[in-house]
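Colleague: Please take a close look at one helix and at what surrounds it. I should like a connected account that proceeds from the helix to its neighbours and then to the contact between the chains.

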Amino acid sequence: MIAGATSCFQSSSQGLQMYGMNDNVTATIEASSSTETQSSALLYSLSILKDKVHQVQSLAGVLISPDHHNQPESASIAISSMGTLIQEIMVTASSMMFNCQQLSLGPAGPAAVFKVPSTDDTQIGEGDGAGRGFFTAEQLDWYADDNYNHNNSGSSNISTHSNDGNKTIKNSDIIELDVADLLAKYTHYCQVCGKGFKRDANLRMHMRAHGDKYKSSAALSNPLKNSGEGEGGKGLSSVRLPRKYSCPQEGCRWNRNHAKFQPLKSMICAKNHYKRSHCPKMYVCNRCNQKQFSVLSDLRTHEKHCGEQKWQCSCGTTFSRKDKLMGHVALFTGHTPAASCSSFIKSPKIEHHAIQLH
Amino acid sequence: MKSPKYMESFDFDHFDLLTEEIIFAILDFLDENPLDKKSFSLVCKSFYVAEARHRKTLKPLRSELLTTILDRYPSVSRLDLTLCPRITDNSLIVISSICKSTLRSIDLSRSKCFSQVGLSNLVLNCSSLVELDLSNGTELTDSAAAAIAEAKNLEKLWLVRCKLISDLGIGCIAVGCKKLRLINLKWCLGVTHLGVGLLAIKCKEIRSLDLSYVPITKKCLPSILQLQHLEELVLTGCLGIDDGNLATLKQGCASLQTLNMSCCQNVTHEGLSFLTNGAGNLRQLILAYGSTVTLALAETLQKFPKLESIKLDGCLVTSDGLKAIGDYCVSLRELSLSKCSGVIDEGLSSIVIKHKELRKLDITCCRKITDVSIASIKTSCTSLTSLRMESCSLISQEAFVLIGQHCPFLEELDVTDNSIDDEGLKSISRCSNLSSLKIGICLNITDKGLTRVGMCCPKLKELDLYRSVGITDLGIAAIASGCSRLEMINIAYCKDITDHSLSSLSKCSRLNTLEIRGCHRISSSGLAAIAGGCKQLTKLDIKKCYDIDDAGMLPLAHFSQNLRVINLSYCSVTDVGLLALASISCLQSMTILHLKGLTANGLAAALLACGGLTKVKLHTSFRPLLSQPLLEHIEARGCVFQWRDKPFQFDEDAKIWKLQADVV
């Protein structure tokens with residue numbers, strides 16, 4: 001199978017121009033598709049990754065070569081192209097990761113036991129899941145080991161995981177995605193055209209453009225809900241445990257290896273947490289020029305009440321409400337309310353009286 | 001001829017024997033007429049200096065003269081600037097730099113055009129400023145309040161109608177002026193319970209707190225009631241307070257003496273009892289225009305053994321309630337039921353009988369009262385000093401005779417619009433302490449009664465004979481000769497009054513208010529007589545005296561240097577007369593509708609010449625005739641124009657007027 005897969009991929013890789021085309025090539029994952037398409041998609045992305053890494057290799061050679069100072073333009077071009085390539089690699093890798101997740105969560109369900117690798121473990125796939133074309137050590141020869149330091153398994157049962165301070169049996173799944181997946185812009189990909197989507201519902205909408213068979217109510221319905229019901233609800237839902245998430249960053253309290261582990265409640269929580277805590281803050285508030293955020297929605301929330309500190313005490317403390325300021329002033333001697341002129345709002349009643357009495 | 005040696009001994013100035021304190025004591029007696037002190041100061045240099053050092057209060061007419069007069073009077077501690085329409089920041093800076101720490105009290109309640117710049121300078125330099133009146137400062141903002149907060153010694157502060165001051169400003173004042181004893185925030189619509197609460201927490205010395213019409217809620221009441229020295233609390237028109245709110249109050253204020261909760265319709269006896277819980281020192285309770293006075297309310301009054309004054313103006317009163325008030329109150333001195341509906345003989349009599357120490361009784365417009373109540377009053381309240389019974393129409397003429405006989409200590413009596421006759425008036429004249437007598441719209445009195453009043457009431461200061469058409473010159477002459485202390489007289493629409501009355505009245509040298517509206521037989525010669533004799537004349541109303549012309553204005557202009565308010569509508573005055581009036585330096589308010597010979601030019605000239613004008617009421621037809629720059633210039637000087645569109649009205653007969661008034 002492996003030989004056949006590689007020959008297939010080689011032909012396909014020649015036909016595709018990888019350079020500069022980010023999103024076209026990644027494979028889509030459909031939860032209800034057969035295992036074959038999933039594994040073929042997996043191998044597809046593998047070959048893409050292989051090509052890209054080769055290109056990065058050649059570019060790196062250009063950069064590090066001793067005569068780079070003679071041609072500075074080519075160096076800069078090389079750097080920028082390398083950047084895009086790395087991005088594409090990350091995207092492809094994240095799609096592969098998702099693919100793997102789907103494979104593992106497929107028919108086998110959580111009954112499949114995967115050993116949870118420790119943080120230093122470079123081995124990934126063990127156990128009887130190999131038949132489904134999951135990562136194996138032989139296939140991944142050409143990857144540098146560093147790439148896998150951050151890769152932990154997609155999903156695993158926590159029952160084998162021993163937590164120091166936690167003696168009770170956990171009754172939920174703990175999922176830990178890797179950084180690339182967590183930061184991936186698109187998590188759902190169309191298998192037909194390769195377009196990426198943030199949400200499964202958006203992808204399903206998009207699929208309607210690819211033919212009539214996607215317009216059926218079966219195709220349009222939410223797979224998670226339906227598979228739960230379709231396969232004899234009780235059986236699966238009792239087995240399917242509530243999912244909690246762990247932060248991939250080492251040392252973080254929300255990482256499952258931490259002594260005081262607190263699970264994050266959803267994928268979105270995990271995403272936002274990682275961005276907020278472990279990513280650089282790229283967005284700056286343009287009003288106060290001080291607050292920085294890594295999550296855009298946090299910035300929007302801040303903007304809603306930035307610069308609205310109407311109430312100030314003479315000691316410099318600002319308050320959001322007048323009664324808080326008054327309580328503070330009442331408590332301490334020598335503090336007086338300081339008049340801050342920004343947004344002095346006259347109530348309409350006062351204005352009405354002002355008009356009348358003049 | 002004496003020898004030179006002997007002559008030298010006469011160079012000794014006897015006045016040098018008088019020390020300054022003695023001179024000051026003499027000068028203290030000259031307070032009545034401002035001209036007296038002026039004359040004193042003009043005698044010689046030493047007198048000039050003595051008077052300059054003596055004067056403590058100044059009331060200047062012009063802000064431009066402030067520098068010179070403040071230099072002349074270095075010991076001025078109180079500055080009353082209500083006559084200066086325009087006080088700018090510069091003026092305040094001048095005041096502060098000259099007066100420095102001698103200034104203790106300043107009244108800026110009618111001044112405009114100053115801001116926090118001048119105020120902060122004033123407060124900075126005048127460190128012993130104790131009283132500050134900034135009422136009507138509608139332009140003052142929180143920054144002005146922050147400036148006020150720097151006056152560390154401030155004890156009394158008036159901020160009536162300062163609408164733009166908010167909780168922030170009051171908070172600054174509360175923190176800064178720790179010694180505050182009196183603060184008046186009436187109509188400060190920007191202040192809420194937060195500011196007032198802070199005031200109550202920080203200024204523990206407050207004795208008097210006026211929160212009329214301030215939009216507060218009950219949240220500040222607990223801290224207010226915890227003020228240990230609070231004596232007077234005014235909560236007129238605080239609609240945010242009602243019974244439900246007041247129920248949560250835990251304790252009242254033990255030091256409270258006066259509580260005014262007028263116009264609080266949402267507060268009944270329940271709320272009141274919560275508010276006054278523990279206020280055993282309460283002396284005066286004012287509940288005008290509030291909720292119905294019932295038995296329950298009267299029962300709450302039991303808790304106040306020291307209660308002596310109750311005012312229930314405008315409330316609906318039940319008979320039970322009134323009786324109960326009589327029963328539960330210990331010893332009332334003052335009772336006001338003015339315009340209360342529901343007051344009948346039964347209730348009133350029962351109160352009056354129980355409270356023999358009653359001094360002041362007001363039953364204005366209690367139209368159901370009859371002689372029965374008067375009988376009770378005359379038997380019981382013999383030490384009555386003030387009785388107001390306007391429009392008690394059911395009371396007969398004999399009752400007034402009884403009043404005069406049995407209440408000899410009356411000082412103030414108002415029987416306007418009653419059926420009193422000469423016999424009653426004669427009886428009343430037995431009250432030799434009478435100082436204020438209002439017998440307007442009393443159609444049955446004539447000169448006979450009035451003559452007796454003139455003979456027997458030498459202390460009379462105020463006499464109101466508005467539309468009492470039976471009065472003629474004889475009565476007025478008697479009054480004028482007998483009541484030399486007369487200060488105010490109103491003989492409007494008394495048709496038979498002629499110039500003779502005015503020449504008699506000119507003997508009353510203290511007369512300051514004269515109203516002779518609608519007296520058609522009065523002419524300029526009478527007015528000239530008044531002007532010559534009554535140098536203190538301050539307010540003059542000669543509306544509809546058609547015969548008064550320029551000849552009357554000239555003596556006024558010459559003699560009446562104290563004239564401040566004049567109403568000339570419908571007179572035959574022309575431009576000349578008006579311009580002559582403009583020379584009166586303290587003239588502030590003019591009403592000049594339908595003047596016979598007034599032209600636009602004359603009006604403009606008069607407006608320009610009269611530098612101290614603050615208010616002019618005139619006809620709208622002049623508005624387009626005066627140039628806009630002129631109007632703006634006059635307004636910039638501090639004068640307000642009131643344009644009226646009233647058509648020329650002829651006078652009506654008094655009786656017809658009364659019938660119309662009753663119908664309304």
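Modeller: The account below begins with helix α9 of chain B and moves outwards from there. The model is a predicted one.

Helix α9 of chain B spans residues 167-176, and 10 of its 10 residues are buried, so the helix is largely enclosed by the rest of the structure. Under 20% relative accessible area is the cut-off for calling a residue buried. The buried residues run from Asp167(B), Leu168(B), Gly169(B), Ile170(B) and Gly171(B) through Cys172(B), Ile173(B), Ala174(B) and Val175(B) to Gly176(B). For chain B as a whole, 55% of the 664 residues count as buried.

What encloses the helix comes from both chains. From chain B, the buried residues of α9(B) pack against α8 (142-148), β5 (156-158) and α10 (193-202). From chain A, the elements packed against these residues are β7, α12 and β9.

The chain A elements belong to one local arrangement. Strands β8, β7 and β9 of chain A form an open sheet, in the order β8-β7-β9, with antiparallel pairing. Strands β8 (318-319) and β9 (337-338) of chain A stand at the edges with a single partner strand each, so one side of each has no neighbour in the sheet. Two bridges connect β7(A), residues 311-313, with the antiparallel β8(A). Within that pairing, Gln312(A) has Thr318(A) in β8(A) as its bridge partner. Helix α12 of chain A, residues 322-331, lies across β7, β8 and β9 of chain A and runs at about 10° to β7(A).

A charged pair also links α12(A) and α9(B). Residue 322 falls within the range of α12(A), and Asp167(B) is among the buried residues of α9(B). The side chains of Lys322(A) and Asp167(B) meet in a salt bridge, with an N to O distance of 2.7 Å. The count of salt bridges between chain A and chain B is one.

The wider contact between the chains involves 21 residues of chain A and 18 residues of chain B. The area buried between chain A and chain B is about 1,600 Å², and carbon and sulfur atoms give 75% of it. As for the accessible surface of chain B, about 27,400 Å² in total, 54% belongs to carbon and sulfur atoms.

Finally, the setting of α9(B) within its own chain may be noted. Chain B comes to 28 helices and 24 strands. Of the contacts in chain B between residues at least 6 apart in sequence, 73% join residues at least 24 apart.

Terms used
Residues numbered from 1 in each chain as written. Chains lettered and ligands numbered in written order. Predicted model: local features only at pLDDT ≥ 70, side-chain atom pairs only at ≥ 80, totals over all residues. Heavy atoms only, no water. Pairing = 2+ DSSP bridges. Helix = DSSP H or I, 4+ residues; strand = E, 2+ residues; numbered from the N terminus. Contact = heavy atoms within 4.5 Å. Axes fitted to C-alpha atoms, helices over the stretch in contact; angles between N-to-C directions. Buried < 20%, exposed > 50% of the residue type's maximum accessible area, 1.4 Å probe, protein only. Areas by Shrake-Rupley, 256 points an atom, 1.4 Å probe, with all protein chains shown as cover. Buried area = accessible area lost by both parts, 1.4 Å probe. Salt bridge = Lys/Arg side-chain N within 4 Å of Asp/Glu carboxyl O.
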